[in-house]
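Colleague: Please take one close look with me at the aromatic and charged side chains, going slowly enough for a first-year student to follow.

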Amino acid sequence: MGGKDDYLRWVLEQLSGAGGISSRRMFGAFGLYRNGVFFGIVSGDTLFFKVSDASRADYESRRMARFRPYRNKPLLSMSYYEVPADVLEDADECVRWAMRAVAAGAAKKKPPKSRA
């Protein structure tokens, strides 16, 4: 093991205070889960967290990049943003941001209103 596995291991250590964190390989990256809720992606040496309308501004104000899964489709993006380095390096702060990402991942979309 080495390279991206070392980075993943370090990320998991930083998130250990959240409890219940696991990872799964997915399409050349790793998905992060907390108690079954998908909330993060480790791609290369970059960590991305799921965002909601409530947390998106925290990432955008720091000019963090959005996760773009396809190089040949640069405009296609997902609701995952790169975690700022200072957040990732502070385990307690990283757990706080991760818990917001877990909440975003767990949020159920409201079903469309039926027309009466």
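Modeller: A residue is called buried when its relative accessible area is under 20%, exposed when it is over 50%, and partly exposed in between, using a 1.4 Å probe and protein chains only. By that rule, tyrosine 59 and tryptophan 97 are both buried, and I will come back to them after an example from elsewhere in the chain. This is a predicted model, in which local features need pLDDT of at least 70 and side-chain atom pairs count only at pLDDT 80 or more, while totals for chains, interfaces and linings use all residues. Residues are numbered from 1 along each chain as its sequence is written, and side-chain values use heavy atoms, with hydrogens and water left out.

Let us begin with the rings. Rings of Phe, Tyr and Trp (its six-membered ring) pair if their centres lie within 6.5 Å, and the pair is stacked if the planes are under 30 degrees apart, edge-to-face if over 60, and tilted otherwise. The structure holds 7 aromatic pairs. One of them joins phenylalanine 38 to tyrosine 80, a tilted pair with 5.5 Å from centre to centre and 45 degrees between the planes. Phenylalanine 38 belongs to strand 3 (residues 37-43) and tyrosine 80 to strand 5 (residues 80-82), so this contact ties together parts of the chain that are 42 residues apart in sequence. Helices (H or I, at least four residues) and strands (E, at least two) are DSSP runs, numbered from the N terminus. Phenylalanine 38 is partly exposed, at 24% relative accessible area, whereas tyrosine 80 is buried, at 4%.

Now back to tyrosine 59 and tryptophan 97, which form an edge-to-face pair with 4.9 Å between the centres and 75 degrees between the planes. Tyrosine 59 sits in helix 2 (residues 56-60) and tryptophan 97 in helix 4 (residues 91-106), so that pair links distant parts of the chain, 38 residues apart. Returning to the strands, Phe38 and Tyr80 share one aromatic cluster with Tyr33.

Charged groups also meet these rings, where a charge sits over a ring if NZ of Lys or CZ of Arg is within 6 Å of the ring centre and within 35 degrees of the ring normal. Arginine 24 lies over the face of tyrosine 33, at 4.0 Å from the ring centre, and the charged end of arginine 100 sits over the ring of tryptophan 97, 4.9 Å from its centre.

Arginine 100 also has a partner of opposite charge, for it makes a salt bridge (a side-chain nitrogen of Lys or Arg within 4 Å of a carboxyl oxygen of Asp or Glu) with aspartate 58, the closest N and O atoms being 2.5 Å apart. Because arginine 100 lies in helix 4 and aspartate 58 in helix 2, this salt bridge ties together parts that are 42 residues apart in sequence. Arginine 100 is partly exposed, at 30% relative accessibility, and aspartate 58 is partly exposed, also at 30%.

Within helix 4, arginine 96 forms a salt bridge with glutamate 93, with 2.7 Å between the closest N and O atoms, and these two residues are 3 apart, about one turn of the helix. Arginine 96 is partly exposed at 48%, as is glutamate 93 at 24%. A search of the whole structure finds 6 salt bridges.
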